[in-house]
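Visitor: Please take a close look at one part of this model, the backbone in its loops, and then set it beside the packing of the interior.

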Amino acid sequence: MIDISNLDSHIFDALSQTSDNMYIYIADLERDFSRWSKPSVDYFNLPGEFIENTAKEWVQHIHPADQHIFLEDIGRIFEGKSNRHNCEYRALNKYGKYVWVRCQGIVERNADGSLGLFVGTMMNLGVNAKFDQPTGLYTFHELKKQLPSFISHGMEGAVLLFDVDRLQRINDILGYLVGDEVLQRLGQKCQSLEGVIFYRGPGGKFYCITTEKSENALERIYQEMQKFSVEVPREMNLEIQLTISCGVAFFPQDAEDFETLHANVEYALEQAKKVGRGSIAQFSGQMHRKTVEKFRLQEVLRESVANNCRGFALVYQPLVNGETQEVYGAETLMRFYLPDGTLVSPMEFIPILEEDGTIRQVGEWLLNEALAQAALWRMENPDFVISVNVSYIQILQEGFREMVTRIVEKSGTPEKQLILELTESCKVSDPNGLRDDFEYFKNMGINMALDDFGTEYSSIALLRKLKPQWIKIDHTFVRSIQDDEMDQAILEYIMNLSKQTRIKVCVEGVENEEILSVVQTYKPELLQGYYYSKPCPAEEFSKKYFNGKDKTGSYGCLKK
């Protein structure tokens, strides 16, 4: 039986009863055991006052879309990066409703630096508080009450959603007290704007309602917020650059109910952040259609994954020896078909798979299928090499190394005949961790490659850090290489760099004989492109390249 003496306290009992919307808890992090106030047990329908496996139990009460917020923040404590917990998310109450809560706490570390007791509080932001105490602005709860009332009384206008970019980074570097003061000062400055109503949202978000709908009026409000973002750090003597992004939606034009309008302005903010920090974006009907289409595709993809990746298919594009023009191997590419047979672009479905985590199951299915197919082709050509794309998101997922190792061993694939291509689909947040993954697979004998090389600013930095055996030069550098001296110079630079560092090169985008003649002067090891073949199903690939020797006696030799 677990000893609860260090969690038993009359003071704890007394504090538990001090507020209807404030809940407290205390946790022994080393033993992962916690005590919760009786009001919190009742309101959130917890299994009891004392809980084992605290984090695992509590995460089940957090909205699926917000779980990463809690896990990332609490993870900083376990990693030793912080002693404070401070984040906002939605939690499920006993009525089956998700309510916003502000979760804060501090950990006491032992003399050796190990985790000791953690004391936390949770404020229910879903109760009927009218004003946010730190800023003096209306609360998000008031926004939910007032906006529908405005619309029902015939008001027309716009909702602007402002978000302080990279707030967590400010908290990590300068501390939560500084982050809180930044938000407090911003909120107080918002009150100085006339003709608008501001509301304090969760985290670093502020909502603004205005009856002005002209582009000039919205730009004026946006520029005022940008001015505040410069003034606040200066007044606090902080050496930081504060940026604020903004999404805009109109009512009743874009929606007449709060939930839809809120979803629209959130989506507009998301689009603004994709453009770049400190940007503004307006919601549109086209944006809405894309949102609906994305949601529907997400549901279809989830159903597909649950049914053994039904609807997914693999195609293969030859990798050609630059000198002999013989088939060296094939790159595996993924396709997805809707139930009605419509082909969906990888640019659409892969980001969705990465967002919701199902890229793990699909990636495992892809590797199984590709290596099983390659095993058949090796019966015809023992030296045949198969290449498979993996994203940084996949590599980050727990158990990725073990999954690859298991499938490679099961398929009987010689490690030297497998290439894992890292696509540059997102910024690498932990280059050192990625370097360890590359070293792990290289020690196994697996070839590692940087795909789309040269398309991102981090390419050279990653090359230095990861030291891959292969790089694949993106087709954008080859498309106009006959006439573009800059692209020729870049290709020549990369080829010289690769030869000096003993890295092999595959040039993508060889679309015609003219491009081929130019590219071959640089002597890359491999070539790839439509000049040889478009990506095709395994059956078609087999017919093209595995029907025996041609009249020259060269196996799989490509002739045009």
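Guide: Start at Asn-53, which sits in the loop between β3 and α3 (54–59); helices (H or I, at least four residues) and strands (E, at least two) are DSSP runs, numbered from the N terminus. This is a predicted model, where local features need pLDDT of at least 70, side-chain atom pairs count only at pLDDT 80 or more, and totals for chains, interfaces and linings use all residues. Residues are numbered from 1 along each chain as its sequence is written, and side-chain values use heavy atoms, with hydrogens and water left out.

Asn-53 is not a glycine, yet its phi is positive, about 50°. Its relative accessibility of 47% makes Asn-53 partly exposed (buried is under 20% relative accessible area, exposed over 50%, partly exposed in between; 1.4 Å probe, protein chains only). Asn-45, in the loop between α2 (38–43) and β3 (50–52), also has a positive phi, near 55°. Asn-45 is exposed, at 55% relative accessible area. Most residues other than glycine have a negative phi, and most peptide bonds are trans. The bond from Phe-251 to Pro-252 is cis, with omega near 0°, and Pro-252 lies in the loop between β11 (244–251) and α9 (258–275).

Now the interior. The largest nonpolar core (buried Ala, Val, Leu, Ile, Met, Phe, Trp, Tyr and Cys residues joined through side-chain atoms within 4.5 Å) has 75 residues, and Phe-541 is among those touching the most other members. Helix α12 (residues 359–378) gives the most to this core, nine residues. A second, separate core of 30 residues includes Ile-244 and Cys-246.
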